[in-house]
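The following exercises ask the reader to examine a protein model step by step. Each task is followed by a worked solution.

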Amino acid sequence: MPACLQDDGHAEQRFLSVRGIEKRFGAFTALDRVSLDVQRGEMVCLLGPSGCGKTTLLRTIAGLERQDAGQLFAAGREMSDLPPQSRDYGILFQSYALFPNLSVADNVAYGLRGMKRQARQERVAEMLAMVGLAGSQDKYPGQLSGGQQQRVALARALAPSPSLLLLDEPLSALDAQVREHLQLEIRRLQKQFRITTLMVTHDQEEAMVMADRIAVMQHGRIEQFGTPAEIYRRPATPFVADFIGHANWLPFTRVSGSQVTVGGLRLEVQAEEAELQTGRLFCRPEAVELFASDTSANRFQARVVDQIYLGNRYRLALSADALPGQTLLADVSSESHGRLAALPSQDGLWVALPRQALQVFA
């Protein structure tokens, strides 16, 4: 096995390895020395805004784009120079790419042309049953809904039993309810058959729901690679913090040790955050503590200036005299929101920013 696959002691678990991939289109660098490892049976999402390089990376792994530098390995075998048909993957695009003149059965069977007829028919029936379309063999794509067409495309991608499944924004053209249902369905099938899967998406919620790990990309580089919880709770860069979920940003100046000032407030941060003299404090809206007790650290008074109902919670916009020019977002449950009405005045609302919820960025 190549030495580059033995550098961390987990080569036996790793299925796909991307090493130092570079891709340029003229003067534009689409991929800038990207390295990534995907474990066997894992689902990894490539997440980022348009133009960040995620689709280019997927197409390079598929052999549909040729890298300018770097290496690709699958199951210990180098495939950097292999043509697409020799890379043993199934691929599912946003556009479905079904053949309109072929029946559902013939679309699913398209990659099974080497099989005997009886075995091919049995495999098609098995795949259609698996995606909830049993009995639809004789229909044509134009007779199906968008969600059903995407199920057929998924069945076609899985029919040859590929060792790697590549998904390029496969659900972005569907309405919200169908998309959410198929997210869970794809994830169920992926876990059931332990198919190593790499999926491109720009939808952070989709990535959080479906992925074992997420690679957040920006400007052709991976900014952070980790579990959804790691990326959400401890973002590695300001871009990741801003791109994933919602964020409060508060400019600070160090006073001494773990104490900083933000506007007219003196706040405590955790000891491991006590390094930079100036910068920004990052805090998730749901971490803001309402109705803080007089023993709470980082406690101050604020008032509600706006609110949005989000179904299972409210998002409040808070203003504080000690934070001139700053609006603080706080996500609260319906129960906590109901307590606000009982206050004699919203000017008397005590809030707090827990130390462990504050992260320091330059």
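**Exercise 1. Determine which residues Leu-154 touches, leaving out residues up to four places away in sequence, and describe the core around this residue.**

Step 1. Contact requires heavy atoms within 4.5 Å. Under the stated exclusion, Leu-154 touches Leu-92, Val-131, Leu-165, Ile-186 and Leu-189.

Step 2. The model is predicted: local features need pLDDT of at least 70, side-chain atom pairs count only at pLDDT 80 or more, and totals for chains, interfaces and linings use all residues. Residues are numbered from 1 along each chain as its sequence is written, and side-chain values use heavy atoms, with hydrogens and water left out.

Step 3. A nonpolar core is a set of buried Ala, Val, Leu, Ile, Met, Phe, Trp, Tyr and Cys residues joined through side-chain atoms within 4.5 Å. Buried means under 20% relative accessible area, exposed means over 50%, and partly exposed lies in between (1.4 Å probe, protein chains only).

Step 4. The largest nonpolar core has 43 residues, and Val-108 and Leu-154 have the most contacts inside it. Helix α4 (residues 146-158) contributes the most to this core, with 6 residues. Helices (H or I, at least four residues) and strands (E, at least two) are DSSP runs, numbered from the N terminus.

Step 5. A second, separate core has 28 residues, including Leu-250, Leu-267, Ala-302 and Leu-353. As a general background, nonpolar side chains tend to be buried together in soluble globular proteins.

**Exercise 2. Establish where Thr-197 is placed, and whether this residue is buried or exposed.**

Step 1. Thr-197 belongs to strand β8 (residues 196-201).

Step 2. Its relative accessible area is 0%, so Thr-197 is buried.

Step 3. Apart from neighbours within four places in sequence, Thr-197 is in contact with Glu-42, Met-43, Val-44, Leu-165, Leu-167 and Gln-190.

Step 4. A polar atom of the Thr-197 side chain lies 2.8 Å from the backbone oxygen of Ile-195.

**Exercise 3. Describe how strand β9 and strand β10 are joined.**

Step 1. Two strands pair if DSSP finds at least two bridges between them. Strand β9 (residues 213-218) and strand β10 (residues 221-226) run antiparallel and are joined by 5 bridges.

Step 2. Met-217 has Ile-222 in β10 as its bridge partner.

Step 3. The hairpin of β9 and β10 has 2 residues between the strands, and His-219 in this hairpin takes a positive phi near 55 degrees.

**Exercise 4. State the strand order of the open sheet of 5 strands and identify its edge strands.**

Step 1. The order is β15-β19-β16-β17-β18, with antiparallel pairing.

Step 2. β15 (289-290) and β18 are the edge strands, since each pairs on one side only.

Step 3. Within the sheet, strand β16 (residues 299-309) and strand β19 (residues 349-352) are joined by 4 bridges. Gln-301 stands opposite Trp-350 in β19.

**Exercise 5. Find how many disulfides the whole structure holds, and explain why Cys-45 forms no bond with Cys-52.**

Step 1. A disulfide is a pair of cysteine sulfur atoms within 2.5 Å. The search of the whole structure finds 0 disulfides.

Step 2. The closest cysteine sulfur to that of Cys-45 is in Cys-52, and because the two are 12 Å apart, they are too far for a bond.

Step 3. Cys-45 is buried, with a relative accessible area of 0%.

**Exercise 6. Count the aromatic pairs and classify the pair of Trp-249 and Phe-282.**

Step 1. Rings of Phe, Tyr and Trp (its six-membered ring) pair if their centres lie within 6.5 Å; planes under 30 degrees apart count as stacked, over 60 as edge-to-face and the rest as tilted. The search finds 6 aromatic pairs in the whole structure.

Step 2. In one of them, the rings of Phe-99 and Tyr-110 have centres 4.8 Å apart and planes at 45 degrees, so this pair is tilted. Phe-99 is partly exposed at 29% relative accessible area, and Tyr-110 is partly exposed at 36%.

Step 3. For Trp-249 and Phe-282, the ring centres are 5.4 Å apart and the planes stand at 45 degrees, so the pair is tilted. The pair links Trp-249 in strand β11 (residues 248-256) with Phe-282 in strand β14 (residues 278-283), 33 residues apart.

Step 4. Trp-249 counts as buried at 17% relative accessibility, and Phe-282 counts as buried at 2%. Trp-249, Phe-282 and Phe-361 form one aromatic cluster.

Definitions and conventions: A polar contact is a pair of N or O atoms within 3.5 Å; within protein, one must be able to donate a hydrogen and the other to accept it, and residues adjacent in sequence count only if both atoms are side-chain atoms.
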